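Trainee: I am new to this structure. Please pick one part, take a close look at it, and then lead me outward from there.

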Amino acid sequence: MKESIIPKDYNHERETEWQAKWQESEIYKFRAKENRPRYIIDTPPPYPTGSIHIGHVLNWLYMDIIARYKRMDGYEVLFPQGWDCHGLPTEVKVEEIHSIKKNDVPREKFRQMCIELTSANIRGMKSQMQRMGFSQDWSREYVTMTPEYMEKTQLSFLKMYRKGLIYRAVHPVNWCPRCETAIAFAEVDYHENETYLNYLEFSTPKGNENVLIGTTRPELLAACVAVVVHPEDERYHHLAGEKVTVPLFDREVEIITDHEVDPEFGTGAVMICTFGDKTDVTWVNRYQLDIIEAIDEQGMMKEVCGDYAGLSLAECKEKIVEDLEKEGFLTKKEQVEQNVGQCWRCNTPIEILVKKQWFVAVKELAVQVESAANFMEWMPEHMKTRLLNWTGSMDWDWVISRQRIFATPIPVWYCKDCGKVKLPREEDLPLDPTHEQPKEECECGCNDLRGEVDVLDTWMDSSITPLVIAGWPSIEFWDLYPSSIRQQGHDIIRTWAFYTILRSLALTGESPFLSVVVNGMVFGEDGHKMSKSRGNVIIPEKVVEKYGADALRLWGANSVPGSDVPFAWKDVQHGYKFQRKFWNAFRFVNMHLSDYQEKNLSSDVLKPLDQWILSLLNRLVEEVTQALEEYNFAQARNRIQSFIWHDFCDDYIEAVKYRLYSQEDVESKQAALYSLNTVLKTSLQLLAPFTPHFAEEIHNYLEGGESIHLARWPGSDEELVDIHAEELGRVGVKIISELRRFKASSGMPLNTPLKSATVHVDNPELIVHVETLKNDIMGTIRIGNLVIEEGKPEVREIVVEVIPRMDKIGPEFKAQATVIVSYLQSHDPQEIARNLKNDDYLDIDGSRVTEEYLTLRKELVGHTGEKAELIFLEDLDLVVEMVI
Ligand SMILES: [Zn+2]
Ligand SMILES: [Zn+2]
């Protein structure tokens, strides 16, 4: 290919052309029949909100780098993409768009509206993912709202039900009064807030001794079923077993004792309500107390609350506190901090209601989940502890029924006669029992069956992804199960990771993946969580438009799993510049490659700097491979960039240019071309997982033909890793770069010929090095004659100026300061220096001025016949005396 058709500047807008070509040629398609080791990525199915955010970009970038690296490394990679469609946010959005409430239209119609919105959102996000250059196999796309997927979710429900791992029971559940649905503990977020601790007087029937109770939830007074105190609390233990009267409601409850009461909190006496919090549930079960349901599904007070019935929780609280005060039951109020559980989707404080719900028997499987987690590789390791802690804290089963519409239906009916649960036949799945009848009657002979209206938690869909991507329930799924790797955010360890491990164990007996890579969150440039109100939100498309997907990818790759990453424009810009730097180097090398003939060069014609750059290259290959194996993306990216930018572009190319233009030494020129070509191609391959478009573009100009993403990952040739060559090369590029800097700072064009130079070296080993590098130094710097001499140059150091340090002289000598300054200005600097050397101080009109009050500017003077410049290379202990 001719240089003339390669554009002068790299144009990142061509990225989309490559994306189209990749899709067209299906280079990322998983071919199960290929006889290669498999690498299967269990990717997170995102919620189809309509656009991917910068956190998605980071998450998918990790997966994409791994997928691309593994493909090049000889694996057949399965990198699918799914969509976790069901759930409340879409329902709410549909209500908004159509200005309806979900019950205004038939269920099926509402579902259809949700499907339409979700499909459009998926299309948008898919094209954004492709615009980032992510290499999913789109023929393996799965969508949880499709009949094919729902069939699998429903089948998994039936299988677990038959194993006794799913059951229906009346049990207190966390309830979001806004979403009007049960939610799992994993979906409850805890937040600190301030509230009042109200001290209420409960009277004993004898009337002689009132018990003072501290409560933050007086609105639940109607549901008070007992008062509890610590058994060793001397203030109360004589009252154990006695009755007290609930204020306002005039109902008697017993005083019981329990070790879980904190005698330090409030008055040490607590009321048990059904249910104020999780501890109430424990006490009710432990002491078989009655359950009074005071709150309904919308968070309104029920009939049992008497005068307060029909009020919202907040209204009831206000009114009840008012009444308690009026009646004299409220003795004091105290501000306290409390930890309130909130719905993770809408932030409404959750309530605990008693409901007949469907549950997964989590507690039964907890031990298996723990041991499976212990066998997996976790990256970073401490994320495993999060999962284990969560698993260990499990004391309620997972409630999986939801009172919503857009979700996978629970495939059961109930017999109206005998009440038994009727399951469908597996071959009849998927189905919606609200408008389909079972094919068989109930075993009692009754034909009248009522379909379950509750639906499944959306985690029931997404927690079978490793099974679904492998083709479960078809028996061949074992070929692709377990997945090699699961990648996900740390915010969904207690949900997605936990549920997937649990469900996969329940359904197959085997853990779903071998390793887990957990990525961090992306923060705004200011280090804060991104939010509209802070104005620090970064929209990926904006970045891509300006700098290209590869530049954004280079930002993301500068991080490691588990750590939160701040967005940084300067990283993106650095990546953008890096590509342009490399592009220029490529154009230069390519221009000369037309002269390159010797494809199989014998290594003994390589010059010292060729050996140096090839040694660094092979070391780089080894380090980058190792870093990728450890998911250390930042290390891999930074090593490649610094090698290409500094060692290759700044040092090597500059040091071999003279050889490329030389007409005499053909062998040396071919060796340089060989090295340039090798470094260029290998670095492109290393870069391909990070900047797929850029690597493809250059690869296409250089070689054309097959995509670089189908190339084999470069191996490291250990024979070329040579410490001696590296040391020699380091000396060479150091001397050359210092001399180039000298030319530039003296205002000389770099190609200005210099008459002669003498390199003074003390160290005998270094003399040999410099001898070896002589041609490169002379050729690159254009020095006519280079002499190498042992020992220090004969040079003198003279003081050319004495500068008074006013910050010290002023405060110390005060009025004398002007005298001192004028003395210093009117005397010969060399004479001042001599006096200082002899006496350690200057006597200026009676003041003792030592060297600490002065700055001595020195210059070095060489002893040659001609005017010489001296260049000191301190870290090499070497001096170049240059005659211009
Ligand atoms: Zn909610
Ligand atoms: Zn029946």
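Mentor: Start at the zinc ion (ligand 2). Its 4 donor atoms subtend angles of 104 to 114°, so the arrangement is tetrahedral. Four donors earn that word if all angles lie between 85 and 135 degrees. For four tetrahedral donors, the ideal angle is 109.5 degrees.

A word on the model. It is predicted, so local features need pLDDT of at least 70 and side-chain atom pairs need 80 or more, while totals for chains, interfaces and linings use all residues. Residues are numbered from 1 along each chain as written, chains are lettered from A and ligands numbered from 1 in written order, and side-chain values use heavy atoms, without hydrogens or water.

Now the donors (N, O and S atoms within 2.8 Å of the metal, or 3.2 Å for Na, K and Ca). Cys415, Cys418, Cys442 and Cys444 each offer an SG atom to the zinc ion (ligand 2), at 2.2 to 2.3 Å. Along the chain their spacing reads C-x2-C-x23-C-x1-C. Check how open two of them are. Buried means under 20% relative accessible area, exposed over 50%, and partly exposed in between (1.4 Å probe, protein chains only). Cys415 is buried at 5%. Cys418 is partly exposed at 36%.

Next, look at Glu443 and Lys420. Their side chains form a salt bridge, 3.5 Å from N to O. The term needs a Lys or Arg side-chain nitrogen within 4 Å of an Asp or Glu carboxyl oxygen. Glu443 lies in the loop between β19 (421-422) and β20 (449-451), and Lys420 in the loop between β18 (413-415) and β19, so the pair ties together parts 23 residues apart in sequence. Helices (H or I, at least four residues) and strands (E, at least two) are DSSP runs, numbered from the N terminus. Glu443 is exposed, at 70% relative accessibility. Lys420 is partly exposed, at 43%.

Compare the zinc ion (ligand 1). Its protein donors are the SG atoms of Cys176, Cys179, Cys343 and Cys346, lying 2.2 to 2.4 Å from the ion. This site is tetrahedral too, with angles of 101 to 120° among its 4 donor atoms. The spacing here is C-x2-C-x163-C-x2-C. Cys343 is buried, at 1% relative accessible area. Cys346 is partly exposed, at 22%.

Go back to salt bridges. The count comes to 50. One of them joins Arg639 and Glu623, with the closest N and O atoms 2.4 Å apart. Arg639 lies in helix α17 (residues 633-661) and Glu623 in helix α16 (residues 608-629), so this pair links parts 16 residues apart in sequence. Arg639 is partly exposed at 26%, and Glu623 is partly exposed at 27%.

Another salt bridge joins Glu727 and Arg730, at 3.4 Å from N to O. These two are 3 residues apart in helix α20 (residues 723-745), which separates them by about one helical turn. Glu727 is partly exposed at 32%. Arg730 is partly exposed at 40%. Lys734, Glu738, Arg741 and Asp875 are joined into one network by salt bridges that share partners.

End with helix α8. In α8, Val362, Leu365, Ala366, Val369, Ala372 and Ala373 are buried. The buried residues of α8 pack against β14 (351-360), β15 (377-379), α9 (382-392), β16 (398-399) and α12 (493-508), where contact means heavy atoms within 4.5 Å.

Notes:
Tetrahedral: all angles 85-135°; square planar, octahedral: opposite > 155°, others 65-115°.
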